[in-house]
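Let's take a walk through a protein and look for its empty spaces, its surface and a couple of its loops. Keep the structure open beside you as you read.

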Amino acid sequence: MAEKIFPTSVHGELATLPKILPNFEGLTDFYDSEYFNENLTYDGKDLFIQYEKDHIQVRLWAPMASKVNFQLYTSAEEKTPFLTYEMEPSEKGTHLLKLPLMAINHFYLFEVHHDEVITYTPGPYATCVGVNGEKGYLLSLKETDPEDFRTYKAPLLESPVDAVVYEVHVRDLSIHEDSGIEAKGKYLGFTEDGTRNVKGHTTGLSHLKELGVTHVQLLPVFDFNALDELGEDGSYNWGYDPLNYNVPEGSYASDPKDPASRIKELKSLIMSLHKNGMGVIMDVVYNHTYDGVTSNFHKTVPLYFHRSSGGMFTDASACGNETASERRMMRKFIIDSLLFWVEEYQMDGFRFDLMGIHDTETMREIEKALRSVKPDILLYGEGWTGGNSPLHEDLRLVKRNISQVPCIGAFNDDIRDGIKGHVFFNEKGGFVSSRGQRESVKLGITGAVYHPQVNYRKILYTDFPWAQNPGQSINYVSAHDNLTLYDKLEAANKGKSKEVLKDMAKLANTIVLTSQGVPFLHAGVEFLRTKDGDHNSYRSSDKVNALNWSQKSRNIDVVQYYKGLIALRKEYPAFRLRTAEEIGKYLSFYGPEDRNFISYTLKDPNGFYTLLVAFNGGENSFKLRIPSAHWDVLLDKDDADILPLWSTKETSVTLKPYSAMILMTRDSIS
């Protein structure tokens with residue numbers, strides 16, 4: 001009897017793992033052969049399900065399958081199909097079926113036969129699924145647009161450096177008891193305007209508008225495997241375990257049992273942010289699947305979509321497997337999927353998890369395809385891996401190779417650890433804790449492009465200017481991974497008072513928000529977010545992860561400081577120079593060579609003003625000589641504003657410990 005492999009999930013019984021085809025090693029060699037690529041890969045645009053006027057066309061790529069059946073079910077829970085259609089073998093390894101329109105609004109599965117093994121899957125390209133993503137659902141997505149969804153679009157992004165990115169988890173934004181948001185933990189929480197905490201300070205969407213960020217980066221919102229979507233136990237996960245790449249996650253929907261709910265409500269979230277002047281960036285995880293053997297990829301074409309060695313999955317993701325982006329059909333899948341999210345959901349950018357696993361040519365093709373439909377799309381990712389890969393590093397888009405694709409950015413870990421200290425060693429501090437790392441911070445200030453005043457031999461991780469243009473440098477000090485900024489500073493500065501830690505935290509993102517490149521903020525950093533030292537809260541409780549809106553009120557002065565900083569960045573284009581040539585010409589470091597002090601001038605390319613920016617990461621005040629001129633102070637230890645805080649004609653200023661100062665003059669200075 002054939003072995004039957006049904007879909008599995010963490011909340012159901014683990015099915016028997018399929019042993020699909022005996023010779024895995026020989027199979028992978030076959031996939032990489034010229035014969036396979038010429039005869040058994042499909043480049044058509046009609047893969048998967050197409051809704052025509054008088055029928056539904058279904059095309060599945062399964063070149064190794066001996067037979068594929070398409071099964072219809074009346075419910076997500078049903079075990080036995082009420083109709084089964086045998087698909088016809090078709091061109092280039094595909095299987096084809098024309099369904100009557102009556103099949104719409106029914107659940108389905110592909111029954112894929114490989115020798116004596118049968119697997120069941122909604123297919124890698126599924127765009128609509130039932131609860132927990134176990135069965136697909138036939139639904140034309142034309143029916144899922146909220147009213148006026150396609151009327152609102154994000155403001156045009158002239159250059160990546162004009163963005164201010166804010167990373168947030170859907171549940172975190174609204175789940176706290178003091179959020180004032182009704183749809184707690186849901187997509188619709190982003191659509192509620194005018195919400196406030198008990199102290200009367202804005203929360204949620206209103207807070208994002210008040211802060212002035214331009215783009216909201218959502219932690220994974222594709223359908224992931226970690227949670228039971230019907231669970232009511234408060235289970236939590238970041239979502240870096242992909243199940244169905246082209247479907248929204250159901251746990252954030254008001255009704256996970258309704259296949260359309262998650263789609264409509266994610267679109268409502270996106271429309272809400274667009275309507276309020278913000279773009280939406282999607283965190284995508286194409287580098288691995290939740291599981292290798294039980295993935296929809298492996299059930300459809302065994303081992304094709306993943307890298308392997310000796311017939312076993314390799315693991316550059318540190319999650320059990322890694323995908324093979326260099327293979328033609330995996331490359332096509334990623335590009336098709338990204339285009340789907342842009343065209344169907346109007347996404348404005350993508351953050352690539354462990355981008356260093358993907359081959360450079362695929363990333364180049366991704367950028368080309370996406371810019372053809374959205375020229376201002378924002379693309380960046382992690383320029384590293386979680387482990388070793390069989391694909392040589394020279395062929396993958398790690399940070400060292402990022403200059404080969406000038407329109408894709410990478411997270412700048414040099415400035416991150418230069419500012420706050422080593423991300424994996426809690427006790428090690430950085431520039432804002434009087435620990436030096438001056439050159440690594442300067443690399444970030446210059447957007448990681450070449451600058452003659454940066455000593456690249458003293459950079460933490462990269463001994464050369466790795467960016468072609470500043471838009472490639474994603475500058476940050478904290479993200480969802482590792483300790484929050486405040487927790488890191490507390491761990492690295494034992495015994496320091498809360499006031500000193502607050503000053504260090506403000507200084508850290510003052511550097512980020514005034515550096516050339518793209519500033520990136522972790523949600524809640526603007527009110528000193530803490531997770532009580534939890535460095536990996538991917539499945540910790542809401543008590544740990546929720547944005548504590550009461551804390552905003554306790555640190556409202558810090559929030560106002562961030563608000564002023566962001567306004568300053570937007571007001572003065574000199575903070576957003578477009579090219580390496582401009583940075584070399586208009587940014588000049590000067591002043592003493594002190595390990596805990598950095599100062600530089602920044603000239604307006606149009607000649608209207610000069611900015612003087614200074615950072616004191618030391619524990620003592622620092623007196624800095626400045627050129628003779630009428631200077632307006634726009635930022636000091638306590639405040640930041642586009643209007644002058646105070647003015648001076650003195651030839652020196654004093655920076656307090658752990659503080660920054662920004663001055664502006666319209667006088668001509670040498």
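Start with helix α9, which covers residues 413–420: this helix gives 4 residues to the lining of the second largest pocket, the largest share of that lining. Before going further, keep in mind that you're looking at a predicted model.

So how big is that pocket? The volume of the second largest pocket is about 770 Å³. It has 33 lining residues, and the ones closest to the centre are Leu354, Glu382, Trp384, Asp481 and Asn482. Sort the lining by class and you get 14 nonpolar, 10 polar and 9 charged residues.

Now move over to the largest pocket, which holds about 980 Å³ of space. Its lining is made by 30 residues, and if you head for the centre, the closest ones are Lys45, Leu47, Gln50, Asp336 and Phe340. Which elements each supply at least two residues of this lining? They are β2 (48–51) and α7 (328–345). Helix α7 brings the largest share, with 10 residues. As for classes, this lining has 15 nonpolar, 5 polar and 10 charged residues.

Pockets are open, but a protein can also have closed-off spaces. There's a neat way to find gaps like these: roll a probe the size of a water molecule over the atoms, and you see where empty space is left. In this model, the count comes to 6 cavities of 30 Å³ or more.

Let's peek into one of them, the second largest cavity, with about 100 Å³ of space. Its walls are made by Leu47, Phe48, Arg59, Leu60, Trp61, Pro124, Tyr125, Thr300, Val301, Phe305, Met329 and Phe333. Two elements, β3 (56–61) and α7, each give two or more residues to this lining. Strand β3 gives the most, with 3 residues. Here the classes come out as 10 nonpolar, 1 polar and 1 charged. You may recognise Leu47, a residue that lines this cavity and is also among those closest to the centre of the largest pocket. Helix α7 turns up twice as well, in the lining of the cavity and in that of the largest pocket.

Time to come out to the surface. Find Phe82, Leu83 and Met102: together they make a nonpolar surface patch of about 240 Å². Met102 sits in the loop between β7 (94–99) and β8 (107–114). Is Met102 buried or exposed? It's in between: Met102 counts as partly exposed because its relative accessible area is 44%, and that label covers values between 20% and 50%.

Finish with two loop residues whose backbone angles are worth a look. Lys92 lies in the loop between β6 (88–89) and β7. Its phi is near 50°, a positive value in a residue that isn't glycine. With a relative accessible area of 34%, Lys92 is partly exposed.

The other one is Ser434, in the loop between α9 and α10 (438–445). Here phi is near 65°, again a positive value in a residue other than glycine. Why does Ser434 count as buried? Its relative accessible area is 17%, and buried means under 20%. That brings you back to α9, the helix on one side of this loop and the one with the largest share in the lining of the second largest pocket.

Methods
Residues are numbered from 1 along each chain as its sequence is written. This is a predicted model: local features need pLDDT of at least 70, side-chain atom pairs count only at pLDDT 80 or more; totals for chains, interfaces and linings use all residues. Side-chain values use heavy atoms; hydrogens and water are left out. On a 1 Å grid over the protein atoms alone, a cavity is a set of points where a 1.4 Å probe fits but cannot get out, and a pocket is an open set with protein on both sides within 12 Å along at least five of seven lines; lining residues have an atom within 4 Å of a point. Grid points are joined across faces, edges and corners, and a volume is the space filled by probe spheres set on the points. Ala, Val, Leu, Ile, Met, Phe, Trp, Tyr, Cys and Pro count as nonpolar, Asp, Glu, Lys and Arg as charged, and the others, Gly among them, as polar. Patches are made of residues with over 30% relative accessible area and no salt bridge: like charges are joined within 9 Å, nonpolar side chains (Val, Leu, Ile, Met, Phe, Trp, Tyr) within 5 Å. Accessible areas come from the Shrake-Rupley method with a 1.4 Å probe; for residues, only the protein chains shown count as cover. A salt bridge is a side-chain nitrogen of Lys or Arg within 4 Å of a carboxyl oxygen of Asp or Glu. Buried means under 20% relative accessible area, exposed over 50%, partly exposed in between (1.4 Å probe, protein chains only).
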